[in-house]
Structures are given as structure tokens and as C-alpha cells.
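Okay, thanks everyone for coming. I'll just walk you through one corner of a structure today, so have a look at the screen.

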Amino acid sequence: MRDILDEVYPWYRAGESFGLATVVSTFRSAPRRPGAAMAVSASGTVVGSVSGGCVEGAVYEEAEEARISGRPVLRSYGVSDGDAFEVGLTCGGTIQIFVEPVSSRTFPELPDVVTSLSAGEPVAVATVVTGPGDGPGALGSRLVVWPDRACGTLGSAVLDRAVGLDVRGLLEHGTTALRHYDAAGRCLDGEEFAELGELSVFVGSFVPPPRMLVFGAIDFAAAVAELGSFLGYRVTVCDAREVFATASRFPHADEVVVRWPHQYLAEEAAEGRIDGRTVVAVLTHDHKFDVPLLATALRLPQLAYVGALGSRRTHRDRLARLREAGLEERELARMSAPAGLDLGARTPQETAVSVAAEIIAARWGGTGRPLTRTDGPIHTATAADEQPPSPVEAD
């Protein structure tokens, strides 16, 4: 919902009710991942997407019906369904979508969620998407969870306590997932749920955006910063040279810092502002900046990506200097250099695409090869993708 919040929150504040459709689970190949959302206003305005176009028409009608009737519903679409071809989900997977009415009455906690998102405070929303019509675990009941507090209820103190503990574990890692429980709050696996389960809870985790740290205030950095911002990173450009590190030269960066790069990175790590989603792009081409910076970065265990631009000759020299600085081969192996995929890039913008493509491939386990030369699913499967959908009447 984060992606469409700026557009739908004015509807909420104006006292309107709107239909909200959220992808809560996928099985095998599916166009959008859990958490993708689409909203339909009282005037028929649509924002967001749940399938990249495959089932939008059918979901639009469900969202309209939920808004008017006030009743939430869980729907499933897949190639095994009789009308799968009609609604367009021909990609070979199954997608489950929870459709609900949203208003100040049904979601009174939304302003608190918005406040947390604006402040960069982690928050998770747990919603019952399969459950009884009323009572504990009622369909559509909701619990909003922060690291230190919670509001809302799933209908019983037992459920709130059990699910709240589980949700905080997911929130710590920024994980969005579908969880199954019995009435006592015991977490169930898929087989147990099919036999014993009484409710399913979709947990949408909202954590601050991942960081991209770009070192070197050059034209390539401006292009990388722009693309990083487009991909949803919070972008910092850092350089020790004040004359080059200016906000006007990097309009797409969230912040521009004038510091020695290795000192800035070490301080950010010490303050806990670096995590396993953080990516580092070293673009300075100057060993007096590169070597201490890379020595610091490659010794941080949690970085998702460390890339450095430069020719192969520059990289050989860089490796020699890093070895002299005491780095071990296992640490050097974490560095992507020369950074980027082999796209034949020439311009700063093309180079930025090359680097961004490598970051995406590293994140999702992609090969970087043309899809025409690969077999199997286009989207790399995760453990959740291989779990069959929860028992639910398919449409």
C-alpha cells in the first residue's frame, strides 16, 4: 500500500470509503509480489496494480463490490480456474487477493500508520484474510504493530499477543508474509492449516527504504543516484571535495555529504544506519579515497552489495593496494569490480543502468543473462513462492 498511499490517503481524510485489493500470496509464477495493492475510489478512480494487467478488470469489480457492501473477501486466480484465461492470468501461477473496504470506520489506525511511514518508523499491519464471520479472528480484523507497541485487535488478547510476537519478528527483517494460526494463536504450517487452521493473517511490513551510498561526486554518480532513487533507495552521495559535493549537482539524492568517504561509512555503520539491504557504489577512481573506503566496506558483514567502477588495470592496482592493507581474499571476493553487468555501456546513464542491473541481480539471485537464453521461471522463486495457496474458493 505504500506505493499508492499518497493518492488514496486524501480519499480517506475526506471521509470517503474506497475498495482496496492487496496481493497476499502467490504460487509459482505471478506478475506481482505479496503486498502489491490496487485501490478503487467512490468515483471509480483506480490507482496501483495487483497483477500488471492480468486480472485488473475482475479485481476492479471486486473492489467496487467490497466498497459498496462493506464486506471483505479473499479471492484466488490461477490457470487451474475455469475463468483463468478470461481474466488473463495465463502466466502459470496462482495469486490470492484480499479485497476490503477502507474508511475511517474500518481502518481507524491508518493515520498512525501514515505518521510512522512519514517518520521512517518501522510498522507492520496484520490483517485477517481467512477467518470466521465474527468473533475472535473475524475476517478483516486488524492489528497494527510497532517494535514497542501495538493498536487495533484481532478479536482476542490471546491472538493479539501470539500474532504480535510473530509480527515483530517479521518486522525486524522487513518481511511481508502470510501466516496461518489456530484459535489459540499457534502458528501452523500449510498442511496443518489445511486440516486444522481457522484463520490466515497477512502481515505487511513497512520499514524505511534501503540505502544506496554513492561515493564520488562525479557525473556517473549523478546518474547512479537518479536510478537508485527510481528503484526506491534512499540515496546519499558522499565526497570529501566540497566544491563538487553540492545538492545542486545531485538533485535526485536524498542527501549530499562532504566527508572523507571511509570515515562517513564507518560512522554510519557504528550508528546502526547500515543494514543488510544497503548497497555501496564506489565511483571515485582515486586510490587515496578508494582503498580506505573499500577496506572499510568489505569488512562490514551486512552490506548487500559493494561495487567499484574502474578499468581492469585500475582494479588490479586496487586489489594490490587492498591486499597490502591487510584484506583477505574472502573479503575481496565480496567486491563487484569493475562494477556492473556487461551491457556495452558508454555514457554515465548507460553505466548507471549496468550497475543497477547488477544490484538487482544480486538481490534476487538473477543470472544477468538474456531471458531468451534461459529456461524455467522468469522470476526467481522464493520459499514462499513454492508454498501452495491457502484453501479458498477460487474464482
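I'll go through a sheet first and then a pair of helices.

Before anything else, keep in mind that this is a predicted model.

So, the sheet. What order do the strands come in? We've got an open sheet of 6 strands, and reading across it goes 14-13-12-15-16-17, with parallel pairing. At the edges you find strand 14, residues 255-258, and strand 17, residues 335-336; each has a single partner strand, so one side of each has no neighbour in the sheet.

Let me zoom in on one pairing. Strand 12, residues 211-215, runs parallel to strand 13, residues 234-239, and 5 bridges join them. If you want a spot to click on, Arg211 sits opposite Arg234 in strand 13.

Now, what lies across this sheet? Helix 9 lies across strand 12, strand 15, strand 16 and strand 17, and against strand 16 it runs at about 160°.

Helix 9, residues 287-298, also packs with helix 8, residues 261-270: the angle is about 15° and the axes are 8 Å apart. Under 35 degrees counts as roughly parallel, so that's what we call helix 8 relative to helix 9. The crossing of the two is right-handed.

Which residues actually meet there? From helix 8 you have Pro261, His262, Leu265 and Ala266, and from helix 9 they meet Phe289, Pro292, Leu293, Thr296 and Ala297. Sort the residues of that contact by type and you get 7 nonpolar, 2 polar and no charged.

That's my bit, happy to rotate things around if anyone wants another look.

Definitions and conventions. Residues are numbered from 1 along each chain as its sequence is written. This is a predicted model: local features need pLDDT of at least 70, side-chain atom pairs count only at pLDDT 80 or more; totals for chains, interfaces and linings use all residues. Side-chain values use heavy atoms; hydrogens and water are left out. Axes are lines fitted to C-alpha atoms, for helices over the stretch in contact, and angles run from 0 to 180 degrees between N-to-C directions. Helices (H or I, at least four residues) and strands (E, at least two) are DSSP runs, numbered from the N terminus. Angles under 35 degrees count as roughly parallel, over 145 as roughly antiparallel, 65 to 115 as roughly perpendicular and the rest as oblique. A crossing is left-handed if the near helix is turned anticlockwise from the far one by less than a right angle, and right-handed if clockwise. Contact means heavy atoms within 4.5 Å. Ala, Val, Leu, Ile, Met, Phe, Trp, Tyr, Cys and Pro count as nonpolar, Asp, Glu, Lys and Arg as charged, and the others, Gly among them, as polar. Two strands pair if DSSP finds at least two bridges between them.
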